[in-house]
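Here are my notes on the two-chain model you sent over. Have a look at it first, then read the points below.

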Amino acid sequence: MERQVIHLNVAHFMAAVEEALDPSLKGRPFVIAPEGAERAVAVEVSRAAFSEGLRRGMPLAKARAALPGLKVLPVREALYRRAGAALFEIASGFSPLLESPGGGHLFVDITGTRRLFGHPVDCAARLREEAVRRAGLRPVAGLAVNRLVSKIGTRVVKPDGFVVIGPGDEPGFLRHQQVSLVPGVGEKLLGRLGLLGIREMGELASLSDSDASAFLGRHGPVLRDRARGIDSAPLSVHRAEERGIRASHLFDTDTSDTDEIEAALRVIVEDAGVALRSDGLAARAVEVGLSYSDRLRARGFAALSAPTWRDAELFRAARTALYRAMTRRVRVRRVAVALLRPIHAERQAELFAPPEAAKEEALQAALDSIRSRYGRGAVRTASAMNLLA
Amino acid sequence: MFIHLHTRSCFSLLYGVRRPDELAEAAASLGYRALALTDINNLYGMHDFAEACGRHGIRPIIGVELVSGNCRALLLARDRRGFSRLTRITSARKRDPSFGLAAALAEGSDGLTVISDTPKLLGRLKGRVEELYAMVTPASRRVEREARRLGIPLAACAEACFLSDEDWRLHRVLRAIAGRTTVSSLKDEELAPRRALLFGPDEAARLFAGLPDALENTERIAASCAYDGGFQGFVFPPPPVGGLAPSEALRRAAIEGAERRYGELSESVMERLEYELSIIEAKGFSSYFLAVAGIVSRSSLTCGRGSAAASMVAYSLGITNVDPLRHGLYFERFLNPERRDPPDIDVDFAWDERDALIESVFREYGPDRVARVSTMVHFQGRSALREAARAHGIPDDEIGAVERRLMAQNAPGLPADIGATWEEIARLARRIRGLPRHTSVHVGGIVIAPDPIDELAPLETANDGSPLLGWDKDGVERAGLVKIDLLGNRSLAVVRDTLANLDDNDIRIDPLSWDPLNDEETRSLLARGESMGVFYVESPAMRQLQKKTARGDFEHLIIHSSIIRPAANRFIAEYVSRLKGKPHKPLHPRLDRILAETYGIMCYQEDVSKVAVALAGFSDADADGLRRVLSKKDREQRLNAYRERFYEGALRLGVEREAIDEIWSMIRSFDGYSFCKAHSASYAMVSFQSAYLKAHHPAEFMAAVLSNGGGYYTSGSYISEARRMGLSVLGPDVNASALRYLGRGRELRVGLMAISGLSSAALDRILEARARGGPFVSPGDFVERASPGEGDLLALCGAGAFDGLFGGARRSLQLRAMLRALAEHGAASMPGEGPALFANEAPWRISPRRGPLSGEELQVEFERLGFLCEHHPLELWGEALAGLSRSMGRELPGLIGRRVRVVGWPVARKGVLTSRGEAMEFVSFEDETAIYETVLFPEEYRSLSRVLDGVRPYVIEGIVEDDQGALSLTVKSIRCPGDS
């Protein structure tokens, strides 16, 4: 059976979400950046700002210099997460096979749903309409036989439009596209292709196996296949549970103060811990992610010797992971934690557990009950307080 | 009274924050009469410290804090013997991986006082070190009990590192820089105690009130350490082996050499030789001359620098190449009976021969008797800001952005909206600027001693493994060690390579009869200023001066290469006018004779001394002092003292104030650097040799310039110059190119060395395979015999090095064929694949022959070579420049006084400050037809210098001016092509 994959992409995602909430923003240049922070950079730019030459990651001061009076909105992470979830929710109505790489991208595999939702083209159009109607977001949409071609499709029509590449039309559609659109072709490979006189996907697609390997190395044939629109990989579908439970903190001002970073880590571990316990889960590993001032990222990982839901143990592991991640002498902009490989916890009392463990557990339970009544911030570990002060 | 015996200055690198003189001054003002300096594992600051103590009237105590493993001890020198031990142990700490502090001290500690707070060390040294003390401090008395048990006396010490509370913040930044971490991640144990202040005697009495014996001992120790690090006589290289006394050996060598130079020796030559030899002998410098002569004799070409070029002995020994008699060079500028400082013979060698030469010196004298001089690298404004920012966790891209903002601002101070973090960083950076950072190897200074050097001076190990003195050249000089400077010079290699290239082309120049000084074409080339590539006279400023004066003779060239100093602009203009006949009268009759040959303008370094003697009644020694101060970094203060004496003396001798002002301002034009006549003459000789080669053998000469990495300009600029000279530039070719550029007739062949990205291993294999098996005949043949990597093929292809092999097919197709051959070769060389190597050889010749190179091919060629072989790089911007109406560079001489629009590729830039302190800039541009000079005066500089931010074409508008016979475009606007 022919596969049918839709790629939805909301361009300038965060800005689009803001525009959906406040229609007066539409068509106006604005950027999203941390509030009040010294030396902040734009985390997102609106479409209008983009066409004025502003870009993501641009220092706010520079953006303001380019567009005096530029509107700057604060970063509202929870809001964007909700919007992403809403989009996911809408798409879930069409297929259970969803891949959500984040940042306003969503792949929907609607293979075999014709009887339920009609012709794939209609289905894709309806999905797009629902996104507009229910979430106020207007994604670019691409429909093709696989993830690869649908994604190239949306890149071609971005920032607005709907493109359908019917089965068998791939070669014709792809032939004159630039090779830079082939997933996996970065600056370096692009340079090499240029030296070989290869500029369009069709030229890459026509290489023989042996030439593809000789010219581009071991992965040459794979790249060549991509240029032919061949991609049989299924979507990488993850359930929320498998992805782990995440929380993050964005510093108002980037910092290299380890006390401050640890305090933030403690807060987000506690937040994630609440979510973990409320789902009745225990984590088996912790991952900490850092974004540095210069937008480089780093990750550190720490496995737990036994599954746990207790903040204290989670934090100890998170702290280990933090220092595995934090190897540069550059300020940190954001710290994130993921409680990984969760399993359903059997939270019965351990008969032979040492008394301290029982005490810790009682404390944890008491803290959680306060938090559930008065909110997450009602009780914090003392060392996390200066961050919140 | 308590004396600080444990003091760390900024020479405890990336730890201490105060200069030795600040510490000495503070100690003196607190009422101390002595102070020890004990930097961590080094003696870098010793001479500065001793000098500063002298200035502030306190007695220096020379020591070091040796830290090794878990042990540490203060080592203080009581006498010369103790200092020798100190340098020996400090050197071993730096150089010997198996160094142990206890063992080193147990081996001998004569003349040393040792104070330690390491119990284990005290236990091991008890009974072996005569003057051994246990350290107690206000913060810690942890060794007290152990010391009392062992019967070791106590000494009261306190680590002194700071003079104010603020110093601690700076210290943290330095520690973060040292540990490549951030200030907020530092651990306490990496830091000095916050209270490590240099406190006063009253505070000391209070702090050590409970330890009267320790306090008393400290006082006694301070009194016993009498070594002050002062000058104790010169240390010269050992005399030659063979029994002859050094003075006799030198006499024989000098006379033999003079006979080679002059033939039969005339009376005037003999007289001069005898005179020089008598002074050299009286001062004990004979072995030094012999050592330098020995080094020089091993090299292909040399050029003496500095005042030594005025010595006939040096000329006879082959150390220098200008006849001092013929060109009127005065020996006294080099050596005279009154001068107390050591002779300084600096010699230039071909830059690529120098390392081997220095190695040979090590071999000859033994590695323990030769060491290289170090140089201290200090934080500059930029590195201070950068490192302080990094210590605060600022990422490099943000640092770069702030730097660009500061640069664009072109004014001191910070932008108002920079933020608190950057203000703090900038504040700390201002203090970091000027602090020592690390040692490095002085370019060419070496010291040869008759005894093991580590008994005279501290040693460490340079990156290349050779022994490195723990002092810079000033420290070496203050210690009496006489250094020899062996410096690298590219132009000597250019001359050598040109001669070799000519030799290969069957053209021979006899070095003995070669007389470029009297060659008409050479003189005329120099007079026209067409001297790109010619040693020492190729800079835009120098070429402009040559054009203005239109003089190309040796005597004028000596003047020109001396007068061209940053601070002498005004006098250069005056010089040119006078040379062209402007009448002038001497500033004072007494100067008439002194400055006659330079048209009444002070030109040479020695003119300063001569004028000071003649006009202000200075003694020779004082006049020499004034000359030397002018080239020192910290001259301002000392110069003021000289100024007063100069004015006083001149007024007393009846010179008018106006004339004194004018002469003093001329003296100030020697600020920074300046040259003596002998030096300039020595250099002008090499200028003439290279100019001769450029005039008569342009292809071979330009090839040698390019092979040696050029000089003032980029390779691309020399390629353009070669094209302007009418040479054909042939691209690199795997079958025709050598490693280096080669010239023959009117053709210049680019060497494979020019190709960026070509590995040196592949380059060697290509040349070797070609030498062994002849030219490459096919892609398979090339891959088989030269075993290139993929990166090598990309580099060669992009540079066009296969154009010949492929009969000129498109380079993208060449690359495909080469990569195919490489893949097939790789597959064939797999085990078990059999020998069918060239099975797919047949269709490799690709047709049809290409037309002109495409824009993309040119772009890649430019990336690989840094220039285009057949075009000016402006070709790459063909589209953007099409339709632009413009004048060409070569038309400018006909457009004087007119406003023109030209297109230019920047080839050289030189920023200067006007007398009012405003920045302006001279920029040399070239287009397809000529190189031309432009000037951005302050107003235009402010608005336009930002535009000039890359190496690409610019559209320039300005007015063509004739400045004393040299053309210059006064810029009014600059923009990038395509911008309106």
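1. Let's begin with the interface: how many residues of chain B are in contact with chain A, and how many of chain A are on the other side? There are 29 from chain B against 22 from chain A, where a contact means that the C-beta atoms of two residues, placed from the backbone, lie within 7 Å. On the chain B side, helix 16 (396–409), helix 17 (420–432), helix 33 (790–799), helix 34 (811–828) and helix 35 (855–865) each bring at least two residues. Helix 34 of chain B gives the largest share, seven residues. By class, the chain B side has 10 nonpolar, 10 polar and nine charged residues. Here Ala, Val, Leu, Ile, Met, Phe, Trp, Tyr, Cys and Pro are nonpolar, Asp, Glu, Lys and Arg are charged, and the others, Gly among them, are polar. Helices (H or I, at least four residues) and strands (E, at least two) are DSSP runs, numbered from the N terminus.

2. A word on what we are looking at: this is a predicted model, in which local features need pLDDT of at least 70 and side-chain atom pairs count only at pLDDT 80 or more, while totals for chains, interfaces and linings use all residues. Residues are numbered from 1 along each chain as its sequence is written, with chains lettered from A and ligands numbered from 1 in the order in which they are written.

3. On confidence, the model scores ipTM 0.70 and pTM 0.80. Chain B averages a pLDDT (the predictor's confidence in each residue, from 0 to 100) of 91, and 97% of the residues score at least 70. Among the elements of chain B, the lowest mean, 82, belongs to helix 16 and the highest, 98, to strand 1 (residues 34–40). Residues 831–844 of chain B have a pLDDT below 50, and that stretch has 13 contacts in the model beyond near neighbours in sequence.

4. Chain A has 17 helices and 13 strands. Its C-alpha trace spans about 70 × 55 × 45 Å along the principal axes. Of its 389 residues, 41% count as buried, the cut-offs being 20 or more other C-beta atoms within 10 Å for buried, 12 or fewer for exposed, and partly exposed in between, with C-beta atoms placed from the backbone.

5. Back in chain B, which residues of helix 25 (residues 620–629) are buried? They are Ala623(B), Asp624(B), Leu626(B) and Arg627(B). Seen down the helix axis, they fall within an arc of 155°, so they line one face of helix 25 of chain B; the arc is that of the directions from the helix axis to the C-beta atoms. These buried residues pack against helix 24 (605–616) and helix 26 (635–652) of chain B.

6. Cys71(B) sits in strand 3 (residues 71–77) of chain B. Cys71(B) counts as buried because 20 other C-beta atoms lie within 10 Å. Leaving out residues up to four places away in sequence, Cys71(B) touches Leu101(B), Ala102(B), Thr118(B), Lys120(B) and Leu121(B).

7. Two loop residues for you to check. Arg180(B), between helix 7 (166–178) and helix 8 (201–207) of chain B, has a positive phi near 50° and is exposed, with 11 other C-beta atoms within 10 Å. Asp506(B), between helix 19 (490–504) and helix 20 (520–527) of chain B, has a positive phi near 65°. Asp506(B) is exposed too, with 6 other C-beta atoms within 10 Å.
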